[in-house]
Every structure is written in C-alpha cells, then in structure tokens.
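Thanks for coming. I have two topics for today, a sheet and a surface patch. Please look at the model first.

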Amino acid sequence: MALSFGRDIFMTPGPSVIPDAVLNAMHRPAPNIYEGELVDMTTSIFADLKTIVGTKGDVIMYICNGHGAWEAALSNVLQPGDKTLNPATGSFAHGWAELAKNMGIFPEILEFGKSSAIDPNQVESRLRADTSHEIKAVMATHTDTSSGLRNDIPALRAAMDAAGHPALLLVDCVASIGCERFEMDNWGVDVMVTACQKGLMTPPGLAYVFFNDKAGKIATTTPKTSPYWDWAPRVKAEYFYHRFFGTAPTHHLFGQRAALDIIMSEGIENIWNRHRVFAHSIAAAAEKWASDGPLYFNIKNPAQRSNAVTTLLADGLDCAPLRQWCEDQSGLTLGLLIGFDAFTSGFRIGHMGHLNPPMVLGALATIDAGLKALNIPHGDGALAAASQVIANS
Ligand SMILES: *Cc1c(COP(=O)(O)O)cnc(C)c1O
C-alpha cells in the first residue's frame, strides 16, 4: 500500500535536498544585473565560499555543473601534450581523466580499485621516478561518490612533498564541500573544483574553481584554448558582467546566498560534525543489515568511508525493487550504483547537506521496512543501532 503522501525525502548523492529558504529566495522577479543588490550579494558569496573551503586564493564561479568545472580547471593550468598522474578510487577519477584525455592531455591512471583509498606511498614512488618532472599535475578525488570512499588529501600532499615534485595538486571536491572537512590552504591544494548541488544545497547550475597563487601564475602562461573557461578576464573583471563572461546566473545567486546563510549560521565545523554523526548512524544500521544476508559495505575500512555517501553492495541481488519500493511506497529516493558492473546489485545513500535526525532515521527505517516487505534477508537491530549513534552525539 502506498504510504507516500507526505513530504518526499531525497537521499541521493547529488543533487541533494534543497532547503525551503533556498527555494523561496529564488522565487522572485528578475533583478538588475548591472549594479545594486545582486552585485554586492555576489561579492559576499565569493567571500563566504572562500571561508568555508579555507582559502585565501581566488575563486571563479561558472554557470555549469561539476563536469564544466573539471574542464575549466584543466584548461587553465594544463595544455595539450602535458602529462598528469591520476590516482583512481572510483568512477569520478576515471571520468576526470577521460575528460583530460579528450583535451589532449596524457593522464596516467594509478589504479586503487573501487573499495580502497589512494596509497600515498605509491604516488610518492611514481613521482620520484619522474626525475624530469614531466608530470604537471596530480588529479585526485576527495570523496568518490560512486564508491563511497574518502581519500586522505593531506597524506597525498605529504607524498608529493616527500618526492620533492613540483606538480600541481588538483582536487575534485564536488561531493565533499559542505559535508566533509576540507582545508584548501592548510592542506596544500593548488586547485579545487566543486559544484553547488551537493553540500552547497542549491539546484544544479553553478560550479566553482578555487586556485592559489602557484596555479594562478601557471595559468597566466598556459596557452588558452577556451576563452569561456579562462580565469584571467573573470578574476580581473572590471564590470560585474565580466565575472560570468556574460549574464549572471541571477536566481541561482539568490539561492546560493540563502544556502550560504544557512551554512554560515550553523558553522562549518558543526556541519562537518553533523555529517559525521549521520554517516556513523547510517553505518551502524548498515553493519546490522550486513550481519546476515547479501548486503555489505563497499568500503571495508570505516576510516576510509565518506561522511557524504554510503555505497552498499549485494552480490547477485537486484536492488532496483528495493529502491522502487522506497520511492513509490514511501516517498524516499535512494541513489543507484554507478561505476560498478551491475547497476542494480546495490544502492547508494546520499547524506549530504540539509538533513536532520528525523530525515536520516526515517530513511533508515524506510529501507528497513523495504527489506522486510521484499523478503530480503538482513540482520536485526539496525534502527536501534542507528538511533544509539544519534543519542550518543
Ligand atoms: C557529482 C560529482 C561530479 C560531477 O558533477 P556534475 O555536476 O554531475 O557534473 C564530479 N565529481 C564528484 C566527486 C561528484 O560527486
């Protein structure tokens, strides 16, 4: 029987739940795009974004998704013929490498599979072997949204430093900003890309590239193939219009401002803690489910599990009916698998952004009910374990 006539709950790993305050902020007439409120507000968006990612560097806002930001970052600091080192822990690393290849860059994949993190020692030895410094950049993913894995970016930086290699460190933080601890300058990240529709809680359509002085200097000497992605005219924009290489994404800006108001009032440390508690609560439930039956964690090592997304597998079991049951009967949308051979033999729970205990516990209870309704074997005690984590927080 369909019981789904309340508010739908969205727990896919992007896009994520859009707060009412963000939707309401976007519901307004068109603003003046040349001067006044919009211009001042945008300046405050840049400032707050830099605060939450921990950088004194520059940020460019593009009207695009994360894939656009991938291309924007590469086209400013690399050129056709350049080599990069791409430690891979899931499908997003491969996606970014593929895009690089299509731009004439030569990415070298260092494969770590789909369920374990980057081994910094292997990165260090590969960089040490590159004595002529042909590798211009190391391209890494912070949280891999397909595998549910979080890479240790400071350890990667330390490996690059230990090798004494000058390559730039480029990090994909599309899934992690606003969910997982990230400190751009302290961690020595040269270029970081993210987008607005995950931890930043805004409808898809804005993406950001952050860069430090080192990357900014390299960008000034990179022969540019794309005027649209070029950082230069946007950083030194004389008019507001130039910041976006055209019309500003007016309503997205109002939405992003409202989302940042929520973020700034909660405080980024609290946000990281809240995501950690929810991830642990979900993991506690999943440990119990996995104690009997086909479900298991893709990431075995709890220290390598993301606080933004959890990937559960079930070899040989089609999980599409479970996702469908949750969505159609109960109004809970879960993520399907990406980057695995069978799309259906597992599912992903996104736990990014605008979430509280009733949403998380309600989602877990709904999945638990779905397992029971579909007679999928699973261990007992998931809900008690999940609520205990919330109680202990
Ligand atoms: C979502 C995501 C992307 C892609 O972002 P789009 O906006 O879908 O282009 C890239 N990298 C990671 C880690 C992501 O989670």
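Strand β12, residues 309-313, is joined to β14 by 5 bridges, and the two run antiparallel. This is a predicted model, so please keep that in mind throughout. To place the pairing on the chain, take T310: opposite T310, in β14, stands I349.

Now the sheet as a whole. It is open, has 3 strands in the order β11-β12-β14, and the pairing is antiparallel. β11, at 296-297, and β14 are the edge strands, and each has a single partner strand, so one side of each has no neighbour in the sheet. As background, strands in a sheet pair through backbone hydrogen bonds, parallel or antiparallel.

Is edge strand β14 mostly covered or exposed? It is mostly covered: β14 spans residues 346-350, and 5 of its 5 residues are buried. The cover is found on both faces of β14. On one side the buried residues are G346, R348 and G350, and on the other they are F347 and I349.

The second topic is the surface. Which residues make the nonpolar patch of about 390 Å²? They are Y34, Y239 and Y241. Of these, Y241 sits in helix α9, residues 240-243. The relative accessibility of Y241 is 37%, which is why Y241 counts as partly exposed.

That is the end of my part.

Methods. Residues numbered from 1 in each chain as written. Predicted model: local features only at pLDDT ≥ 70, side-chain atom pairs only at ≥ 80, totals over all residues. Heavy atoms only, no water. Patch = residues over 30% accessible without salt bridge, like charges linked within 9 Å, V, L, I, M, F, W, Y side chains within 5 Å. Areas by Shrake-Rupley, 256 points an atom, 1.4 Å probe, with all protein chains shown as cover. Salt bridge = Lys/Arg side-chain N within 4 Å of Asp/Glu carboxyl O. Helix = DSSP H or I, 4+ residues; strand = E, 2+ residues; numbered from the N terminus. Buried < 20%, exposed > 50% of the residue type's maximum accessible area, 1.4 Å probe, protein only. Pairing = 2+ DSSP bridges.
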